[in-house]
Amino acid sequence: MRLRDMQAAASISLLLMSVSTPPVMAQQATPQPQPPTQNQTQTQTNPTSPAPQQAVVTDTTGTPGLPQAPQPKPTEPLYLRDTGVDYTKPRSHFWNPIAPYTSITVPQVRLGNTPQLAQLLRDGKIYLSLSDAVTLALENNYDIEIARINLDIADTDILRTKAGGTLRGVSTGLVTNTIGGTTSTIAGGGGPGGTSSGVGGGAAGATGIVLSTNGGGPLPTNLDPTFTGNLQYESQNTQQTNTLITGTDTLKQNTGTYNFGYQQGFLTGTQLNFTFNNSRTTTNSVRSSYSPQLNSQFQLRVTQHLLQGFGWGLNGRLILQAKNDRRITDSAFRAQLLYTVSQVENIYWGLVSAYEDEQAKERALAQSTQLTADNRRQLEIGTLAPLDVVNSDAAVAADKQALVASQTNLEYQQLLMKQAIARNLNDPQLSNAPVIPTDRVSLDRLPEEDTPVEDLVRQAYANNPQIEQASLNMKNNEITIKALKNGLLPTVDAYAFYGGSALGGSQNPALQCDFAGTPCPPGSYPTRGLNDVFSNTFNGRYPDQAVGVNITIPLRNRIAQADQARSQMEYRQSQMRLQQLYTQVRINVINGQYALTNDRAQVQSAQAARDYAVQSLEAEQKKYRLGASTTALVLQQQRNLATADNTLISATAAYAKDRVALGQLLSNLLDKYGVNIVDAATGNISHPPAIPGLTAPKPQETPKPLTTTPPAAPQN
C-alpha cells in the first residue's frame with residue numbers, strides 16, 4: 001500500500017512538472033516588449049479615440065517590459081550662489097600668509113523692502129498684480145531668504161570634507177513660516193508652521209525615514225597638512241641621592257628644546273608623519289661628556305591602512321556625500337521656490353475672493369437698503385403693512401453684519417499678502433495701505449488639461465524635487481553601506497619608518513675621566529658643532545629604521561554589525577519611500593487634472609446660477625412694484641442672489657487654487673512663469689514673471705434675458 005502511494009505521488013509530480021515546465025521556457029524565450037512610442041501612448045490615453053482605452057503604466061521598479069520612469073532632472077545650474085562668496089574654496093596663504101587663520105565675515109542680510117514695493121504705492125493704495133506679488137515674494141519673502149542661506153551652509157560641508165572632516169549637515173526641509181493660503185472662501189492651501197524635515201542632506205528623516213547612519217563608517221584621516229612646533233627653555237636643579245652617576249649632589253641643567261613636526265593624511269588611507277627634534281643642554285655633571293650638549297633626531301614614518309580605512313573610495317566618500325548634499329540643497333531651494341510661489345498665489349486668490357466678496361456684500365446691502373426705503377415710503381402712505389418693514393429692516397441689519405465680517409476678512413487678507421511679499425511693515429504708510437488686486441483668473445483651458453495623463457505623470461517624475469532628493473539620498477545611503485561594510489573589517493596597519501640621530505657639542509670643562517676625580521685633558525672628546533650634528537643626523541651614519549604591522553581584531557564586533565545592518569535597513573526604507581513618492585505623484589497629478597475640469601464646470605454652473613438669481617430678483621422686484629409680490633419673497637430672492645455670489649466667488653477661487661496646485665505638482669511653475677532660478681537665488685529679479693491665464697477685472701455682466709429655449713452647454 002505504501003509503495004502504491006509513493007508511485008502515485010511520483011506520477012503526479014511528473015505530471016505537474018511536464019505541465020509547468022514549457023510555459024517557463026517559453027517565457028524565457030519570449031523577447032521583452034518594447035515601451036510604446038509617444039504616439040502609441042497618446043492613442044491609448046486619448047479619451048476621444050474610438051479604440052478601447054488602455055492606461056500606459058509607467059513602472060518605477062525596473063520591471064522588464066514596462067515603460068520606465070524617467071530619471072529626475074537635476075536642478076541646474078549646480079551650486080547656486082546667493083552671495084558672491086564661494087565657501088567651498090579655502091583662503092590661501094598666497095599674498096596673505098595669515099589669511100587661513102582669520103575669521104570670515106558673512107554679509108549681513110537685508111532687512112528692508114525692495115524699491116519695487118514702494119513703486120506700487122499710489123494714492124495711498126498698493127495696486128498689486130500677480131506678477132508683482134511673485135516678484136516681491138522672490139525678493140523679500142523670509143522663507144525663501146532662510147532657504148537661500150542653506151546654499152552657503154551646504155558649501156561649508158564640502159570645505160570640511162575636503163580636509164577630512166565629518167558632515168555637519170544642512171536642513172533641506174521646506175520653510176513654512178509665511179502665514180496664509182487659507183481663507184474663509186478658499187478651502188486648502190498653506191498655513192503657518194516651522195521647517196519641515198527633509199529626506200536628504202544632513203537633516204532628520206521625514207515620513208518615517210531614518211537617517212542615523214548617514215556618514216557613518218571609518219573616519220578619514222586629516223587631509224590638511226599640519227605643522228607642529230615646540231620651543232622651550234628649561235632650567236632645572238635636581239637633588240641627587242648619590243654622587244656616583246653625576247658626580248654632584250645637586251644636578252643643574254639648562255635645556256633648550258626645538259622640536260618640529262609635519263603630518264598629513266591622504267585619501268588612500270596613508271598617514272605621513274615627519275618629526276625633527278633638537279635640544280641643547282648645559283650641565284654641571286662631571287660624568288657628561290659634552291656641555292653644552294647638542295642632540296638632533298629625525299624620523300619619517302608612513303602608515304598605511306590595509307583593511308579598515310583602505311582606499312580612496314572609502315576616505316573620499318564624505319566629499320561625495322557633501323557634494324550630493326549640495327545638490328539636495330539646490331533641489332530643496334527649488335522646492336522652496338515652488339512652494340512659496342504657490343503659497344503666495346493662493347494668498348493672492350484669497351485676497352481676490354475677499355475683495356469680490358466685500359463688493360458682493362456691498363451690493364446686497366444696497367439692495368436691502370433700497371427695499372427698506374421703498375417699504376417705508378409705502379408705509380407712510382398706508383399701502384404696506386408694518387411687518388414688511390420689520391422684515392426688510394432685519395435684512396438690512398443682517399447685511400450690515402455680513403459686510404462688516406467681509407471687510408474684516410478683506411483687511412486680514414491684505415495683511416497676509418503684505419507679510420508674504422514684504423520684509424518690513426513698520427512703515428505706517430505701507431502697513432495702512434489697502435492692497436488692490438489687479439488680476440483675475442481666466443477660464444481658458446490650460447495645455448495640461450489636454451495633455452495625456454501619462455505624459456503629465458512622466459513630466460512630474462522628471463521635475464519633482466522630492467523625487468530628485470530621494471534619489472540623491474539613496475546614493476548617500478549606498479555610500480554609507482559600503483563604508484559600514486568596511487567598518488566590519490579588522491584594523492591592519494602596515495608602517496615603516498626611517499630616522500637618524502647625532503650627538504655633539506663641546507667637551508664638558510668639569511668632565512672627570514675616573515672616579516678619583518682626575519679631570520680629562522682638553523681634546524679628549526672632539527668638538528662637534530651644529531653643522532656636524534645636522535650632517536650626522538641625515539647622512540645615515542646613525543640610522544634608525546623599521547617595518548611592522550599593527551593588528552586590532554574586535555572579537556565580537558557587535559557595534560559594527562549593528563550599524564552595518566541598520567544602514568541596509570535605512571536603505572530599504574529609502575527605496576520604499578521613493579516608490580511611494582512615485583505613487584503619490586501619479587495619483588496627485590491625475591487628480592489635479594480632473595480637478596481643473598470639475599472646477600471649470602463648477603464656475604460655469606455657479607455663473608449660470610448667479611445669472612438666474614439676478615433675473616429672478618429683477619422679476620420679483622417688478623412683481624413687487626406692481627403689487628403682485630411680497631417683501632418676504634423679494635428678500636428671499638436677494639438671499640438667493642447673495643448665496644449665488646458667494647458660490648461663484650468660492651468656485652472661481654478654487655479653480656485658481658487648483659491651477660497653481662497642478663503647476664506645483666508638475667514642478668514647472670518656475671519655467672512656466674519664466675522665473676530664473678539664478679536670479680531667485682540672489683534675490684535680484686531682473687525680469688518680472690510672465691504668468692499666463694490672467695485677465696483684467698471686469699464688472700458684473702448684465703444677465704441675458706430669459707428665453708423659451710435653454711442655453712447651449714459650454715464646450716470644454
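Trainee: Which residue in the turn of the hairpin formed by β4 and β5 has a positive phi?
Mentor: This is a predicted model. In it, β4 and β5 form a hairpin with 3 residues between them. The residue in that turn with a positive phi, about 90°, is G269.

Trainee: How many bridges join β4 to β5, and which way do the strands run?
Mentor: Strand β5 covers residues 270-283. In the pairing with β4, N254 stands opposite T282 of β5. The strands are joined by 14 bridges, and their direction is antiparallel.

Trainee: Which residue in β4 does T238 stand opposite?
Mentor: Strand β3 spans residues 226-239 and strand β4 spans residues 250-266. The two run antiparallel, with 14 bridges between them. Opposite T238, in β4, stands L251.

Trainee: What is the strand order in the open sheet of 3 strands?
Mentor: The pairing in this sheet is mixed. The edge strands, each pairing on one side only, are β1 (121-122) and β7 (435-437). Strand β2, residues 125-128, runs parallel to β7 and is joined to it by 3 bridges. The order is β1-β2-β7.

Trainee: Which residue of β7 stands opposite I126?
Mentor: Strand β2 takes in residues 125-128 and is joined to β7 by bridges. Opposite I126, the residue in β7 is V435.

Trainee: At what angle to β7 does helix α7 run?
Mentor: Helix α7 consists of residues 317-381. The helix lies across both β2 and β7. Relative to β7, its angle is about 95°.

Trainee: Which cysteines does the disulfide join?
Mentor: A pair of cysteine sulfur atoms counts as a disulfide within 2.5 Å. That rule gives a count of 1 disulfide for this model. Its S to S distance is 1.7 Å, and the residues joined are C513 and C520.

Trainee: Why does C513 count as partly exposed, and is C520 buried or exposed?
Mentor: C513 counts as partly exposed because its relative accessibility is 45%, and that class lies between the 20% and 50% cut-offs. For C520 the relative accessibility is 11%. Because buried means under 20%, C520 counts as buried.

Trainee: What share of the residues in the chain is buried?
Mentor: The chain has 16 helices and 11 strands. Its accessible surface comes to about 38,200 Å², with 57% belonging to carbon and sulfur atoms. Of the 716 residues, the buried share is 42%.

Trainee: What percentage of the contacts with a separation of 6 or more comes from residues 24 or more positions apart?
Mentor: The count covers contacts in the chain with a separation of 6 or more. Within that set, residues 24 or more positions apart account for 77%.

Note on methods
Residues numbered from 1 in each chain as written. Predicted model: local features only at pLDDT ≥ 70, side-chain atom pairs only at ≥ 80, totals over all residues. Heavy atoms only, no water. Helix = DSSP H or I, 4+ residues; strand = E, 2+ residues; numbered from the N terminus. Buried < 20%, exposed > 50% of the residue type's maximum accessible area, 1.4 Å probe, protein only. Contact = heavy atoms within 4.5 Å. Areas by Shrake-Rupley, 256 points an atom, 1.4 Å probe, with all protein chains shown as cover. Pairing = 2+ DSSP bridges. Axes fitted to C-alpha atoms, helices over the stretch in contact; angles between N-to-C directions.
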